[in-house]
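Reader: I have a structure open and would like to learn how to read its features. Where should I begin?

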Amino acid sequence: MSEAGASPLLSARGTSKSFAGVEVLRNVDLDLMPGEIHALLGENGAGKSTFAKIIAGVHRPTRGTLQLGGTTVDVASPVVAQKLGITLIHQEPISFPDLSVAENLVLGRSDGAPLGRVPWAAINRDARRLIDLLGVRIDVTRPMRGLSIADQQMVEIARALASDSRLIIMDEPTAPLTPKEVETLFGIARRLRDEGRTIIFISHRLEEVRALCDRVTIFRDGNKIATEAIGKLSDADIIRLMIGRPLKEYMHKGKSQIGEVALEVEHLTLPGYFDDISFSVRKGEIVGLGGLVGAGRTDVARALFGVAPAASGSVRVGGRPVTITDPAQAIAEGLAFVPEDRAVAGIFRTLSVEQNISAAVPGQIAPRGVIRRGVEKALAQDAVKRLRIRLASLRQPIGELSGGNQQKAILARWLLTDPSVLILDEPTRGIDIGVKAEFYDMIGELAASGRAILLISSELPELLALCDRVLVMSEGRLTADIARAEATQEKIMSAAVPQVRGAAA
Amino acid sequence: MSASDLQSAPSAQEAAPPRPAWQVLLIRPETMTLALLVLAVFAGAWLSPFFLDISYILRSFTLYAEFAIVALVLTMVIIAGEIDLSPAANMALSACVFAWLQQAGLPVPAAVAVGLAAGLAMGAFNGLMVIGLQLPSIIVTIGTLTLYRGLAQIIAGDKSIRVPEWFIGVDKIMVLGVPLPVVIFIVLALALGFLLSRTIVGRQIYQIGTNEVAARHAGIRSARIKFGLFLAVGLVSATAGMMTASRLGSVRYDLGLGGELQMVLMAMLGGTYIFGGRGTILGTFLAAWLLVLVSTGMIVANVLPAVQLVVLGILLVVSIIATNFIYSRTQR
């Protein structure tokens, strides 16, 4: 624990970071004491991982200074960080899977001549000593590939010990682990703390933070909100601090007539991704799907659209049971899906805006397989006007447009299919505030015209402002179905954060 | 002109300005091919007075016509983001199947049909491996290139099999003074050019090659289209095999040996982007003529065969560097 008067191991002052002009971390001041386990908490995108990566030399800060043991340091790269005694342990460890554990452990050690013989016996002996320090049983001559993720993390920790790291950063280390493995990890973390090392622990699981950490720092929207001893905050306090931003005023909810059920999902399951998902969306209704990144929301959407079909469960569209194993079928059934990752699954970067807009409606632009340029141009032009897409020419490559306008073009593509059910996965990610507001208007109008909308979003204000109902997923399961009147950020967040549901209510 | 463009745009503040017209023209994949082709004509005419004899060039083209025909279809495969290196071996195997069957007494039309079916089957096998088993097409078709050539050798042995007298001489048939293989090449180029630029299937081939994940999300059945392309290459290769058999009058297992490189050369020289999404039939069409002009031009000018190879190699490297350089410069 931090004692008054003890000097910090690491002090960050005014740490800021911008990506492509967008500020993701703003003036963060933080002191890390020797011999403490310090939790970083926050919503997705709050800045906690960015901060950790700056300390570990993965990102360089735009502004701010770092002091390590009283001297100012420039952590220019992960290699420099390693030399300074700072190690970042990744959730899914990056290593050389075909090399042995011992080889991975001595990686980057530069003793011996370039063409000298490899001292295998010494390497294996050193590796065994390091692994034994952790009190785990791993055969150091085995290749990394065969190890469980927990064991791979142990090797990473052993590597941190090999370079005698004073500061070890664990970015969501427990997500892929079983409860027993988590216990082992915690035991080691506590031992390292007792040896006087500092550990930064990033996790979404409050009960883990409570069990392990001494102090916690909460991030929100790139700002540090609070640093407190864990005992002084209740779970409810933490959740409030994590989300407590004001509702943005420009958002509103259009009034639409809610009609009969358009999409009905029952017991949809894809082992390893989501389990027993049941819900329905009515015509004219906007149903939000909230939760943390990795909760399985996108996987449900991909399953519904046939990109990665579910293993079991049933889907009804407009009351008719359907089996969708391919996006083409989904489109024929009146579904549309604006995917989360525009660059990967949305746009054809080098092709014209026009072609991008007309991609899903070949039947409309080419009744007999031969493209009618005039028809295509008219369709695209109309869409550009209606969605206010800003561009220089319909024939310019879509990659030249801004992110918001690319997204509008993708939305235009799907509106041409005249879908009855529209699935939007993080539709406003990476989009300017101004264009976001336009999107909110459009989504409202689409619902008003009788379409059923499933809106996946990690932004709580967005869900609250737009949705008639909010479903929440956590670790592959549906954990809440909250009507608009009762929906609050706290309710959504507590359903989204794994295993704190009872405590936070 | 750029001023009027800007005015017609609703609001250009968020969008990049449109590319100048000269750039649009320059980054068209076949521009470089056309420039080289013009250059080759002038160089050839300067080297030898016989060079500009059209009928001589047409006759020379018949030597390359079979590869050029397959290269047209191969261009579509490459645009879709795949590759097929087995067509030359396919030509040999289907021609051997045909020659062997007709020698064994099967009527020639039936033997041709079986030969074509064999070509189709070879294309289907490639397609199954690439699409069904999700294997990289370059590995699969290097494998089948060896496999098909090996099977051809088993069937034909080391001897050449003669084909009937009346079947010989497809390259001697003239249509309006143009040898039939050249006519087939031109007609196929027109048809495929139309398919690629004016139809939905053609459009979707580009979209698959540009971003297959996005194509699938847009409901484009990429597996079906790619499989179709492999089938098409198989069928066209077998046809080219028959044409070669007819031109040579006999079939050996080494028919068309090394042809896959000539085909890829034509596609690349025509500005087709090896990673998919870019390329035109026009480019490959021009590149085929360029290749014929340069080769025959050098023969006419008594250039040593070794030097001819060097020139072809330089040509390819220059054209690839040029198109890629211009392309990357204009990408923002």
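**Reading a sheet, a helix pair and some loops**

Author: Begin with a sheet, bearing in mind that this is a predicted model. In chain A, six strands form an open sheet with mixed pairing, in the order E6-E7-E8-E3-E9-E10.

Reader: Which strands are the edge strands of that sheet?

Author: An edge strand pairs on one side only, and here the edges are strand E6 (86–89) and strand E10 (223–229) of chain A. From one strand to the next, the twist averages 20 degrees.

Reader: How many bridges join E6(A) to strand E7 of chain A?

Author: Four bridges join E6(A) to strand E7 (residues 167–171) of chain A, and the two strands run parallel. To find the register, look at Thr87(A), which stands opposite Ile168(A) in E7(A).

Reader: What lies across strand E3, strand E9 and E10 of chain A?

Author: That is helix H8 (residues 235–243) of chain A, running at about 30 degrees to E9(A).

Reader: Next, helix packing. At what angle do the axes of helix H5 and helix H7 of chain B cross?

Author: The axes of H5 (residues 87–103) and H7 (residues 137–156) of chain B cross at roughly 25 degrees and come within 8 Å. Angles under 35 degrees count as roughly parallel, and H5(B) and H7(B) are therefore roughly parallel to each other. Their crossing is left-handed.

Reader: Which residues of H5(B) and H7(B) meet?

Author: On the H5(B) side they include Leu93(B), Val97(B) and Trp100(B), and on the H7(B) side Leu145(B), Tyr148(B) and Ile155(B) are among them. The residues of this contact divide into 13 nonpolar, one polar and one charged.

Reader: Now the loops. Which residues have a positive phi without being glycine?

Author: Among them are Glu475(A), with a phi of about 50 degrees, and Leu176(B), with a phi near 50 degrees. Glu475(A) sits in the loop between strand E19 (469–474) and strand E20 (477–483) of chain A. Leu176(B) belongs to the loop between strand E2 (174–175) and strand E3 (178–179) of chain B.

Reader: Is Leu176(B) buried or exposed?

Author: Exposed means over 50% relative accessible area, so Leu176(B), at 84%, counts as exposed. Glu475(A), at 43%, counts as partly exposed.

Reader: What does Ile274(B) touch?

Author: Leaving out residues up to four places away in sequence, Ile274(B) touches Ile78(B), Ile83(B) and Met268(B). Ile274(B) is in the loop between helix H12 (259–269) and helix H13 (281–300) of chain B. Its C-alpha is 8.5 Å from that of Glu82(B), although Ile274(B) and Glu82(B) are 192 residues apart in sequence. At 36% relative accessibility, Ile274(B) counts as partly exposed.

Notes. Residues numbered from 1 in each chain as written. Chains lettered and ligands numbered in written order. Predicted model: local features only at pLDDT ≥ 70, side-chain atom pairs only at ≥ 80, totals over all residues. Heavy atoms only, no water. Axes fitted to C-alpha atoms, helices over the stretch in contact; angles between N-to-C directions. Parallel < 35°, antiparallel > 145°, perpendicular 65-115°, else oblique. Left-handed = near helix turned anticlockwise from the far one by under 90°. Contact = heavy atoms within 4.5 Å. Nonpolar A, V, L, I, M, F, W, Y, C, P; charged D, E, K, R; others polar. Buried < 20%, exposed > 50% of the residue type's maximum accessible area, 1.4 Å probe, protein only. Pairing = 2+ DSSP bridges.
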